[in-house]
Every structure is written in structure tokens, then in C-alpha cells.
Amino acid sequence: MWFEITSEKLTAEALIQRVRRDNSGAVLVFLGVVRNHNLGRGVDFLEYDAYPQMAEKVMREIAEDAQQRWDINDIAIQHRTGRLEIGETSLLVAVASTHRREGFEAGQWIVDRFKEIVPIWKKEIWEGGEEWIEGELAPKQAG
């Protein structure tokens with residue numbers, strides 16, 4: 001398992017190499033990407049801040065919990081801090097598993113849990129304003 005809070009740009013290939021094993025039939029990767037809108041307004045960019053030691057500790061706890069729930073070979077998680085432009089990756093999660101079902105299920109659970117409890121803060125900046133965003137404030141999709 002591997003976890004990192006960094007101000008450097010994130011690349012999926014580096015995370016894939018950290019988790020891929022010969023006994024893994026699946027490596028699933030999630031990229032959380034900065035989008036250009038939220039809550040009905042245009043977004044210019046985001047700023048992320050974190051308490052790295054605490055965030056990495058919670059990330060490890062999430063991964064250990066996921067390994068108890070699913071047959072997972074390895075997990076790596078990175079989150080970026082600082083100013084992120086539209087289209088840049090803010091969150092990377094890589095899950096290696098023997099079979100794809102476990103990887104998909106674990107990956108979705110890890111991302112959802114990450115958003116719920118990891119101490120990372122997001123400020124959304126738009127023309128004429130800014131606001132610290134807590135939790136999942138994007139409109140929920142039906143279905």
C-alpha cells in the first residue's frame with residue numbers, strides 16, 4: 001500500500017506501476033479531475049489544502065478497511081494540494097485485484113469513503129467569488 005499528499009502533478013501510470021502484481025488480473029484506476037462548473041456556476045480553478053500526516057493516516061485506514069472487505073492485492077492513493085486548473089487530476093486511486101469485480105467494488109467504496117473522511121479542503125474559485133466547499137456539494141444525479 002502507498003499513500004501520498006503532494007503538490008506535484010499526478011500521473012496514473014506511476015500509480016499503476018506501484019500496485020500492479022503478476023497475480024493481479026485487474027488494475028483499476030480512478031482519476032478525480034477538476035471540472036469547469038459546480039452548483040450552477042462556472043469554476044475558474046480550485047485550491048486544495050490538507051494536513052498531510054493526518055490525511056495519509058486516514059488514507060491508510062481506508063485501504064486497510066477495503067482489504068478486509070474485498071480480495072485486493074494492493075492499493076495506492078494520491079491527492080494533490082495547491083492550485084489546480086480545469087482538467088488537472090486532484091485524486092488518483094489505483095486498486096490491483098485478482099478479479100475485476102473486487103477491484104471495481106473496492107475502488108468505488110474507497111473513493112466514496114475518501115470524500116467522506118480524509119482531511120482535505122477544497123476552495124472553489126469563480127469569477128467574482130470563492131468558497132470553501134465541504135463534502136459532496138455537486139448536484140446528485142438521478143438513477
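These are my notebook entries on strands, salt bridges and confidence in a predicted model.

**Confidence first**

I started with pLDDT, since I wanted to know what I could lean on. The protein chain has a mean pLDDT of 93, and 94% of its residues reach 70 or more. The stretch I am leaving alone is residues 137-143, where pLDDT stays under 50. For that stretch the model has seven contacts beyond four places in sequence. Where pLDDT is low, the predicted coordinates should not be read in detail.

**The open sheet**

In what order do the four strands of the open sheet run? I get 7-5-9-10, with antiparallel pairing. Strand 7 (82-85) and strand 10 (129-133) are the edge strands, each pairing on one side only. On average, neighbouring strands of this sheet are turned by 25 degrees against each other, direction ignored.

I then looked at the strand 5 and strand 7 pairing. Strand 5 covers residues 45-50 and pairs with strand 7 over four bridges, in the antiparallel sense. Glutamate 47 is the residue I find opposite arginine 83 of strand 7.

**Strand 6 and its partners**

Is strand 6 buried or exposed? Eight of its nine residues (the strand is 72-80) are buried, so the rest of the structure largely encloses it.

I checked two pairings here. Strand 1 (residues 2-6) runs parallel to strand 6, with five bridges between them. In that pairing tryptophan 2 stands opposite alanine 76. Strand 8 (residues 89-97) pairs with strand 6 in the antiparallel sense, over seven bridges. There I noted isoleucine 72 opposite serine 97.

**Salt bridges**

How many salt bridges are there? My count comes to 13. I went through some of them by hand.

Arginine 41 kept coming up. Its side chain meets that of glutamate 124 in a salt bridge at 3.2 Å, N to O. Arginine 41 is in strand 4 (residues 41-42) and glutamate 124 in strand 9 (residues 120-126), so the pair ties together parts 83 residues apart in sequence. Glutamate 131 also forms a salt bridge with arginine 41, with the closest N and O atoms 2.9 Å apart. That pair links distant parts of the chain too: glutamate 131 is in strand 10, arginine 41 in strand 4, and 90 residues separate them.

I looked up accessibility for these three. Arginine 41 has a relative accessible area of 22%, so I put it down as partly exposed; the buried class stops under 20%. Glutamate 124, at 2% relative accessibility, counts as buried. Glutamate 131 is partly exposed at 33%.

Next I took glutamate 130, which forms a salt bridge with lysine 123; the closest N and O atoms are 3.4 Å apart. Lysine 123 counts as buried, at 13% relative accessibility.

One more item went on the page: Lys9, Arg80 and Glu88 are joined into one network by salt bridges that share partners. Arg80 takes me back to strand 6, which covers residues 72-80.

**Where I stopped**

My bookmarks for the next session are arginine 41, with its salt bridges to glutamate 124 and glutamate 131, and strand 6, with its parallel partner strand 1 and its antiparallel partner strand 8.

Definitions and conventions: Residues are numbered from 1 along each chain as its sequence is written. This is a predicted model: local features need pLDDT of at least 70, side-chain atom pairs count only at pLDDT 80 or more; totals for chains, interfaces and linings use all residues. Side-chain values use heavy atoms; hydrogens and water are left out. Two strands pair if DSSP finds at least two bridges between them. Helices (H or I, at least four residues) and strands (E, at least two) are DSSP runs, numbered from the N terminus. Axes are lines fitted to C-alpha atoms, for helices over the stretch in contact, and angles run from 0 to 180 degrees between N-to-C directions. Buried means under 20% relative accessible area, exposed over 50%, partly exposed in between (1.4 Å probe, protein chains only). A salt bridge is a side-chain nitrogen of Lys or Arg within 4 Å of a carboxyl oxygen of Asp or Glu. pLDDT is the predictor's confidence in each residue, from 0 to 100. Contact means heavy atoms within 4.5 Å.
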